[in-house]
Amino acid sequence: YLFNLLALKEIVNSAGEQGIKVLLYIVPLRDDVKVPYDLDQYGEFKSEIQLIAKKSGVRFANFESLVPAEFWGTKSATTFGSKPELDFMHFQAGGHQLLADAIYGELITLWSKDSKR
């Protein structure tokens with residue numbers, strides 16, 4: 001985890017040195033059922049990403065609640081003979097459209113000369 005955070009910081013710093021604008025964002029997360037993450041650790045992760053963005057002067061967006069439950073699906077069972085399981089990593093086409101539109105909106109702001117975030 002720490003190596004990944006250090007790598008992210010280096011990528012953001014390198015992009016800044018090259019004049020490349022960066023958007024860091026928190027991906028959508030299924031919120032209609034209990035998530036399979038330690039919520040305290042997940043909260044720390046989100047805070048760390050936001051802090052990296054702030055310290056580096058790059059744009060940050062949290063899309064965590066963007067995709068509604070009806071756009072999430074199921075995946076094949078991880079144990080033989082079991083029923084399909086809830087998928088916390090992938091969503092359907094409608095969710096992808098929502099995410100694409102949200103990212104596009106953030107990029108338009110990022111690319112505009114009036115961007116202050």
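This report walks through the overall build of the chain and then looks at two of its helices.

**The chain as a whole**

The model is predicted. Its chain holds three helices and four strands, and their order along the sequence is α-β-α-β-β-β-α. The C-alpha trace spans about 55 × 30 × 20 Å along its principal axes. Of the 117 residues, 29% count as buried. The chain exposes about 8300 Å², and 58% of that comes from carbon and sulfur atoms. If you are interested in contact order, take the contacts between residues at least 6 apart in sequence: 62% of them join residues at least 24 apart.

**Two helices side by side**

Here are the basic figures for α1 and α3.

| Helix | Residues | Number of residues | First to last C-alpha | Expected at 1.5 Å a residue |
|---|---|---|---|---|
| α1 | 2–17 | 16 residues | 22 Å | 22 Å |
| α3 | 93–111 | 19 residues | 26 Å | 27 Å |

**Helix α1**

Let us start near the beginning of the chain. The buried residues in α1 include L5, V12 and A15. They cover an arc of only 90° around the axis, so they sit on the same side of α1. What do the buried residues of α1 pack against? Their partners are β1 and α2 (39–56). The face of α1 turned away from this buried side carries the exposed residues L2, F3, E10 and E17. Just after α1 comes G19, which takes a positive phi of about 75°.

**Helix α3**

In α3, the buried residues are G95, L99, A102, I103, E106 and L110. Seen down the helix axis, the buried residues of α3 fall within an arc of 95°, so they line one face of the helix. The cover over these residues includes three strands: β1 (23–26), β2 (59–62) and β4 (85–91). Strand β1 thus turns up in both accounts, as a packing partner for the buried residues of α1 and as part of the cover for those of α3.

On the face of α3 turned away from its buried side are the exposed residues A93, Y104 and W111.

**A nonpolar patch on the surface**

Two of those exposed names come back here. Y104, I108 and W111 make a nonpolar surface patch of about 360 Å². I108 has its place in helix α3. Why is I108 classed as partly exposed? Its relative accessibility is 40%, and the partly exposed class runs between the cut-offs of 20% for buried and 50% for exposed.

Notes
Residues numbered from 1 in each chain as written. Predicted model: local features only at pLDDT ≥ 70, side-chain atom pairs only at ≥ 80, totals over all residues. Heavy atoms only, no water. Patch = residues over 30% accessible without salt bridge, like charges linked within 9 Å, V, L, I, M, F, W, Y side chains within 5 Å. Areas by Shrake-Rupley, 256 points an atom, 1.4 Å probe, with all protein chains shown as cover. Salt bridge = Lys/Arg side-chain N within 4 Å of Asp/Glu carboxyl O. Helix = DSSP H or I, 4+ residues; strand = E, 2+ residues; numbered from the N terminus. Buried < 20%, exposed > 50% of the residue type's maximum accessible area, 1.4 Å probe, protein only. Expected span 1.5 Å × (residues − 1). Arc of directions from axis to C-beta. Contact = heavy atoms within 4.5 Å.
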